[in-house]
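Open the model in your viewer and keep the selection panel at hand. The stops below are given in the order in which to select them.

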Amino acid sequence: MHPSVASSLPGPQTLEEVQFFNGNNYHKGLDWYMGFFPTPPNASADFLFEKSSSYFHSEDAPKRAASLVPKAKIITILIDPSDRAYSWYQHQRSHGDPAALRFDFHAVVTTGPEAPPELLALQRTCLVPGWYAAHLERWLAHFAASQLLIIDGQQLRSYPATVMDEIQKFLGVTPHYNYSQALTFDPQKGFWCQLLEGGKTRCLGKSKGRKYPPMASESRAFLSSYYRDHNVELAKLLHRLGQPLPAWLRQELQKAR
Ligand SMILES: Nc1ncnc2c1ncn2[C@@H]1O[C@H](COP(=O)(O)OS(=O)(=O)O)[C@@H](OP(=O)(O)O)[C@H]1O
């Protein structure tokens with residue numbers, strides 16, 4: 001939406017995410033990567049933007065990104081890792097992942113090491129990305145703290161205009177874009193969406209903000225305990241960076257007492 005920020009374009013194989021820094025696409029080289037961006041080098045966008053869901057927890061992405069784009073600004077959005085795990089499980093179900101269709105969420109997150117490989121693989125992708133402090137430390141080993149913005153996903157969901165203002169400030173983009181005029185809450189979608197001329201809205205697609213039943217309380221209790229140490233480490237890290245703790249993290253830490 002911001003006139004000074006150009007986003008990557010979808011490709012036939014990559015769909016909406018380029019997935020460059022984490023896997024084998026990296027070996028296709030920088031020209032391949034730059035081909036996903038709409039602007040010729042002389043265009044006026046101050047920033048090129050892309051997001052790929054597998055970068056955050058990737059072992060390779062921070063080092064590779066720092067070596068190719070050392071001045072990059074990195075934005076991470078953190079929600080309660082238990083909710084992230086459940087959202088990912090629902091995402092996999094809706095993509096027809098056999099293990100996600102066969103096993104319920106509680107079985108996925110609680111199963112032991114003797115489980116079949118496809119169940120263990122799904123468990124890993126549900127749980128490991130939520131080790132937030134460990135992943136952030138890897139990014140901070142390659143980028144200065146001033147290049148990293150950590151957003152509370154709950155705040156983004158509830159107060160997107162305020163969070164987008166914070167992002168504008170972090171990027172230092174001009175002109176100042178008025179997101180409170182450009183966004184409106186869509187009761188049907190249940191989320192904030194872009195306000196178009198004539199009062200219509202443009203929301204994110206069907207794969208964002210899916211409707212699914214709330215997480216079972218025993219799964220939430222299990223995950224609260226599973227993530228306890230990771231969340232304590234995250235709180236220490238945010239404290240060290242002088243950043244406020246998200247409300248969900250405060251709540252989790254209170255449970256930990
Ligand atoms: N405005 C708005 N509209 C729709 N969805 C919103 C919005 N703000 C935040 N969210 C939350 O974003 C979740 C999807 O996040 P991602 O796009 O990062 O997921 S992924 O890249 O597909 O893995 C998605 O997760 P699910 O609710 O599980 O679908 C939403 O909760």
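Select Tyr212 and show its surroundings: leaving out residues up to four places away in sequence, Tyr212 touches Tyr86, Ser87 and Gln90. This is a predicted model, and the contacts are to be read as such. Tyr212 sits in the loop that runs between strand E7 (201-202) and helix H11 (217-226). Its relative accessible area is 32%, so Tyr212 is partly exposed.

Now display the ligand. A polar side-chain atom of Tyr212 lies 2.5 Å from one of the ligand's oxygen atoms. Two other side chains are worth labelling here. In Lys51, a side-chain N or O atom is 2.5 Å from an oxygen atom of the ligand. In Glu17, a polar side-chain atom is 3.4 Å from a ligand oxygen. To see the whole surround, select Glu17, Lys51, Ser53, Ser87, Arg157, Phe191, Trp192, Leu204, Lys208, Gly209, Arg210 and Tyr212.

Compare that selection with the record. In an unreviewed entry, UniProt places the feature "binding site" at Ser87, Trp192, Lys208, Gly209, Arg210, Lys211 and Tyr212.

Next, centre on Trp192, one of the residues around the ligand. Trp192 belongs to strand E6 (residues 191-195). Is Trp192 buried, partly exposed or exposed? With a relative accessible area of 36%, Trp192 is partly exposed, because buried would require a value under 20% and exposed one over 50%. Beyond four places in sequence, the residues in contact with Trp192 are Arg157, Ser158, Pro160, Leu183, Thr184 and Phe185. Draw a distance from the side chain of Trp192 to the backbone oxygen of Ser158: it is 3.4 Å.

From Pro160, a contact of Trp192, move along helix H9 (residues 160-171). The twelve residues of H9 span 16 Å from first C-alpha to last, close to the 16 Å expected at 1.5 Å a residue. Colour its buried residues: Pro160, Ala161, Val163, Ile167, Gln168, Phe170 and Leu171. After H9 comes Gly172, which has a positive phi, near 70°.

For the next stop, go from Met164 to Trp139: the two are 25 residues apart along the chain, and their C-alpha atoms are separated by 22 Å. Trp139 lies in helix H7 (residues 132-140). Its relative accessibility is 6%, so Trp139 counts as buried. Apart from neighbours within four places in sequence, Trp139 is in contact with Tyr55, Phe56, Ala61, Pro62, Ala65 and Ile74.

Trp139 also leads into the largest nonpolar core, which has 29 residues; Phe21, Leu78, Leu136, Trp139 and Leu234 touch the most other members. At least two residues of this core come from each of helix H2 (61-68), strand E3 (74-78), H7, strand E4 (148-152), helix H12 (228-240) and helix H13 (247-256). H7 gives the largest share, five residues. In soluble globular proteins, nonpolar side chains tend to be buried together.

Select Leu78 within that core. Setting aside residues up to four places away in sequence, Leu78 touches Phe56, Tyr132, Leu136, Ile150, Ile151, Asp152, Gly153, Leu234 and Trp248. Last, look apart from this core for another one, of 17 residues, including Val108, Val109, Leu223 and Tyr227.

Technical notes: Residues are numbered from 1 along each chain as its sequence is written. This is a predicted model: local features need pLDDT of at least 70, side-chain atom pairs count only at pLDDT 80 or more; totals for chains, interfaces and linings use all residues. Side-chain values use heavy atoms; hydrogens and water are left out. Helices (H or I, at least four residues) and strands (E, at least two) are DSSP runs, numbered from the N terminus. The expected span of a helix is 1.5 Å times one less than its number of residues. Buried means under 20% relative accessible area, exposed over 50%, partly exposed in between (1.4 Å probe, protein chains only). UniProt positions are given in the numbering used here, feature names are shortened, and annotations may be inferred rather than shown by experiment. Contact means heavy atoms within 4.5 Å. A polar contact is a pair of N or O atoms within 3.5 Å; within protein, one must be able to donate a hydrogen and the other to accept it, and residues adjacent in sequence count only if both atoms are side-chain atoms. A nonpolar core is a set of buried Ala, Val, Leu, Ile, Met, Phe, Trp, Tyr and Cys residues joined through side-chain atoms within 4.5 Å. A residue is near a molecule or strand if one of its heavy atoms lies within 4 Å of it.
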